[in-house]
Amino acid sequence: MTVRVMVSARIDDKDQEAFEEAYRSVAAVVRGTPGHIRDELLRDAEEAGRYILLAEWESEEAFRTWEDAPSHREMAAPMFPYWSGGGIERRIYDLRTRLDSVPTSA
C-alpha cells in the first residue's frame, strides 16, 4: 500500500528561494531511489514561510529503509541549513482511497 510522507516546516522569508532550490536539488538526487514514487513541495498560501514536503512511496517499509540508510542524511543535507528552530513535523499516512477528477487513460 502506498504511503505519503508529509513534512511541515517553517522557512525564514529571506531563505525561501534558496530553500526551494535546495529542495529541487535533493528531489533530483532522491529520484530513482527504490520505492520512491514522487515528491512535491507546497508553499502555504495563507501562512508565510510554511512549506509542506509531500513524498509518495510504494510502502512505509521502502520509505523507512531509505530514511534509515546513511545516504539519507547526505542526500537531504542541502535543505538542513534552512530549517527554522524546531518547527518541523513529519507524519506518514497510508493511502486509503484515491479519487481522480480526470480519468487516466488506459
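**Figure 1. His36, a buried residue in strand β2 of a predicted model.** In this predicted model, His36 is buried, with a relative accessible area of 14%. Because the cut-off for buried is under 20%, that 14% puts His36 in the buried class. The residue belongs to strand β2. Who does His36 touch? Skip the neighbours within four places in sequence, and you'll find His36 in contact with Val30, Arg31, Glu56 and Trp57.

**Figure 2. Gly32, out in a loop.** Here's a glycine in the loop between α1 and β2. Is Gly32 buried or exposed? Gly32 has a relative accessible area of 68%, and exposed means over 50%, so Gly32 counts as exposed. Now look for Arg98 as well: Gly32 and Arg98 sit 66 residues apart in sequence, and their C-alpha atoms are 24 Å apart in space.

**Figure 3. The whole chain, for orientation.** Let's step back for a moment. The protein chain has three helices and four strands. Follow the sequence along and you'll meet them in the pattern β-α-β-β-α-α-β. Along the principal axes, the C-alpha atoms fill a box of roughly 45 × 35 × 20 Å. Of the 106 residues, 32% count as buried. The chain also brings together residues that are well separated in sequence: take the contacts between residues at least 6 apart, and 73% of them join residues at least 24 apart.

**Figure 4. The four-stranded sheet.** In what order do the strands lie in the sheet? The order is β2-β3-β1-β4, in an open sheet with antiparallel pairing. The edge strands, β2 (36–43) and β4 (89–94), each pair on one side only. From one strand to the next, the twist averages 15 degrees. As a reminder of what holds such an arrangement together, strands of a sheet pair through backbone hydrogen bonds, either parallel or antiparallel.

**Figure 5. Strand β1 and its two partners.** Zoom in on β1, which is mostly covered, with six of its eight residues buried. How many bridges link β1 to β3? There are eight, and the two strands pair in the antiparallel sense. One pair to find here is Val3, which stands opposite Trp57 in β3. Strand β1 (residues 3–10) is also joined to β4, by six bridges, and these strands run antiparallel too. Look for Arg4 opposite Tyr93 in β4, and for Met6, whose bridge partner in β4 is Arg91.

**Figure 6. The hairpin of β2 and β3.** Seven bridges link β2 and β3, which pair in the antiparallel sense. You can spot Leu41 standing opposite Leu53 in β3. Between the two strands of this hairpin there are six residues, and Gly49 takes a positive phi near 85 degrees.

**Figure 7. Asp94, on an edge strand.** Asp94 is found in strand β4. With a relative accessibility of 44%, Asp94 counts as partly exposed. That's because 44% falls in between the buried limit of under 20% and the exposed limit of over 50%. Which residues does Asp94 touch, not counting those up to four places away in sequence? They are Met1, Thr2 and Val3. Arg4 is worth a look as well: Asp94 and Arg4 are 90 residues apart along the chain, yet their C-alpha atoms are separated by 6.5 Å.

**Figure 8. Two helices lying across the sheet strands.** Helix α1 (residues 16–30) lies across β1, β2 and β3 (50–57). Its direction makes an angle of about 175 degrees with β2. Helix α2 (residues 60–68) lies across β1, β3 and β4. For α2, the angle to β4 is about 150 degrees.

**Figure 9. The largest pocket.** How much space lies in the largest pocket? It holds about 430 Å³. The pocket is lined by 23 residues, and the closest to its centre are Val7, Leu53, Trp66, His72 and Met79. Which elements give two or more residues to the lining? They are β1, α1, β2, β3, α2 and α3 (70–76). Sort the lining residues by type and you get 17 nonpolar, two polar and four charged.

How values were computed. Residues are numbered from 1 along each chain as its sequence is written. This is a predicted model: local features need pLDDT of at least 70, side-chain atom pairs count only at pLDDT 80 or more; totals for chains, interfaces and linings use all residues. Side-chain values use heavy atoms; hydrogens and water are left out. Two strands pair if DSSP finds at least two bridges between them. Axes are lines fitted to C-alpha atoms, for helices over the stretch in contact, and angles run from 0 to 180 degrees between N-to-C directions. Contact means heavy atoms within 4.5 Å. On a 1 Å grid over the protein atoms alone, a cavity is a set of points where a 1.4 Å probe fits but cannot get out, and a pocket is an open set with protein on both sides within 12 Å along at least five of seven lines; lining residues have an atom within 4 Å of a point. Grid points are joined across faces, edges and corners, and a volume is the space filled by probe spheres set on the points. Ala, Val, Leu, Ile, Met, Phe, Trp, Tyr, Cys and Pro count as nonpolar, Asp, Glu, Lys and Arg as charged, and the others, Gly among them, as polar. Buried means under 20% relative accessible area, exposed over 50%, partly exposed in between (1.4 Å probe, protein chains only).
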